[in-house]
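Please open the structure in your viewer and keep the selection tool at hand. The tour proceeds by stops, each with something to select and a short account of what is found there.

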Amino acid sequence: MVMIHIFLTVMVVGGVSLFPETAEAIVMGPSMQKLTWHYYKVYNTCENAENFVRHQVEIFYKNDKSIAPKLLRLLYSDCFVSGCDASVLLEGPNSEKMAPQNRGLGGFVLIDKIKIVLEQRCPGVVSCADILNLATRDAVHLAGAPSYPVFTGRRDGLTSDKQTVDLPSPSISWDQAMSYFKSRGLNVLDMATLLGSHSMGRTHCSYVVDRLYNYNKTGKPSPTMNKYFLSEMAKQCPPRTRKGQTDPLVYLNPDSGSDNSFTSSFYSRILSNKSVLEVDQQLLYNDDTKQISKEFSEGFEDFRKSFALSMSKMGAINVLTKTEGEIRKDCRHIN
């Protein structure tokens, strides 16, 4: 069993997570060591950059709480493909955002707005990659997550190719999911924690219907899925039998629904066989992730602390720094 309290060395003070020196040494791999906490203040290039980002996120969040899960998905889609280089933001007929796995991505308008503000205040200084990481942290904090430290100093990538997008299907097995996360330098606790991002947001029925009607190509629903929940989901997601059929959206966590609140109820649903996505339900079928799900369902603070660590690690995947890449003037186009 994974004793997750050993890993949860983040301290939360006044709602803000802080890395003590020992924890920083534990979690800061080679990529994270390339980044700096409060980079723009330390190097006196844009002292209030993080405040500018936070202010814009707060304005946007008041009108659209769904921005939190949208940014989480956008950050995941960026970092897990070519690294946290804002390549997912680039426009083009063959760019990453055009890949089938990235259908329905959102949050671009807010990133554009933040970039405009920062270019007015500190032209040519703050990268789109840092903006995406900071804005995501601030949005999910407003939704109930911890305000974890985002190490900054990233630079923006110069290319974006939809052929490089290898984001897996949400119907993959536990072993496939674990292999994918390991390939990005993340461990079993990171996987169980980051899938907890599905505590809010929505997904298309097309990602769920195999569980409802043709689990593992058996022509039957998933045998472990809670029968009442299966019935409720079937009402929202009818079988896909014809071309051009509409593809409704359903909440990833019906308990939080339109509130888009960051909550540990996601893990309670896993333990009750009420997960919407198969990849989430798979957490129940491994001893380590089952134990983690139990601890998170019973202890919201454990989940929040682990989330702070795992998000910091994800945000450091294959980052560009120093003379690598560039600082884009427009997040949708290279300079």
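The stops below visit a helix pair, a pocket, the cavities and several single residues of this predicted model.

**Stop 1: two helices in contact**

Begin by selecting helix α4, residues 67-79, together with helix α14, residues 300-314. The two pack with their axes 10 Å apart, at an angle of about 45°. Because of that angle, α4 is oblique to α14. Now display the side chains at the contact: L72, L75, Y76 and C79 belong to α4, while F307, M311 and M314 belong to α14. What classes of residue make the contact of α4 with α14? Seven are nonpolar, and there are no polar and no charged residues.

**Stop 2: the largest pocket**

Keep α4 and α14 displayed, and add α7 (174-183), β5 (202-204) and β6 (249-251). Each of these five elements supplies at least two residues of the lining of the largest pocket. Which of them gives the largest share? That is α4, with six residues.

The pocket holds about 1100 Å³ of space. To find its centre, select R73, H198, R202, T203 and L252, which are the closest to it among the 40 lining residues. Colouring the lining by class would show 23 nonpolar, 13 polar and four charged residues.

**Stop 3: the cavities**

How many cavities of 30 Å³ or more does the structure hold? There are two.

The largest cavity has about 80 Å³ of space. Its lining consists of 13 residues, and those closest to the centre are N133, V150, R154, M311 and S312. M311 was already displayed at the first stop, where it takes part in the contact between α4 and α14. By class, this lining has nine nonpolar, three polar and one charged residues.

For the second largest cavity, select L252, N253, F266, R269, S275, V276 and D280, which line it. The space inside is about 30 Å³. Its lining divides into three nonpolar, two polar and two charged residues. L252, part of this lining, was also listed among the residues closest to the centre of the largest pocket.

**Stop 4: two buried residues and their contacts**

Select A192, which is situated in helix α8, residues 188-194. Is A192 buried or exposed? Its relative accessible area is 0%, so A192 is buried. Leaving aside residues up to four places away in sequence, A192 touches Y267, L283, T289 and I292. A distance drawn from A192 to A177, C-alpha to C-alpha, is 10 Å, and the two are 15 residues apart in sequence.

Next, move to Q245, in the loop between α10 (227-236) and β6. With a relative accessible area of 10%, Q245 is also buried, since this value falls under 20%. Beyond residues up to four places away in sequence, Q245 touches P238, P239 and R240.

**Stop 5: the loop between α4 and α5**

Where does A86 lie? A86 is in the loop between α4 and α5. Its phi is positive, about 60°, although A86 is not a glycine. A86 is buried, at a relative accessible area of 0%.

In that loop between α4 and α5, select G92 as well. G92 counts as partly exposed, because its relative accessibility is 25%. Then add H333: G92 and H333 are 241 residues apart in sequence, yet their C-alpha atoms are 8.8 Å apart in space.

**Stop 6: another positive phi**

Select H38, in the loop between β3 (36-37) and α2 (39-42). The phi of H38 is near 60°, a positive value in a residue other than glycine. At 33% relative accessibility, H38 counts as partly exposed.

**Stop 7: a long distance across the model**

Finish with R121, which is part of helix α5, residues 108-121. R121 is partly exposed, with a relative accessible area of 46%. How far is the C-alpha atom of R121 from that of L271? The two atoms are separated by 48 Å, and the residues are 150 apart along the chain.

Technical notes: Residues are numbered from 1 along each chain as its sequence is written. This is a predicted model: local features need pLDDT of at least 70, side-chain atom pairs count only at pLDDT 80 or more; totals for chains, interfaces and linings use all residues. Side-chain values use heavy atoms; hydrogens and water are left out. Axes are lines fitted to C-alpha atoms, for helices over the stretch in contact, and angles run from 0 to 180 degrees between N-to-C directions. Helices (H or I, at least four residues) and strands (E, at least two) are DSSP runs, numbered from the N terminus. Angles under 35 degrees count as roughly parallel, over 145 as roughly antiparallel, 65 to 115 as roughly perpendicular and the rest as oblique. Contact means heavy atoms within 4.5 Å. Ala, Val, Leu, Ile, Met, Phe, Trp, Tyr, Cys and Pro count as nonpolar, Asp, Glu, Lys and Arg as charged, and the others, Gly among them, as polar. Buried means under 20% relative accessible area, exposed over 50%, partly exposed in between (1.4 Å probe, protein chains only). On a 1 Å grid over the protein atoms alone, a cavity is a set of points where a 1.4 Å probe fits but cannot get out, and a pocket is an open set with protein on both sides within 12 Å along at least five of seven lines; lining residues have an atom within 4 Å of a point. Grid points are joined across faces, edges and corners, and a volume is the space filled by probe spheres set on the points.
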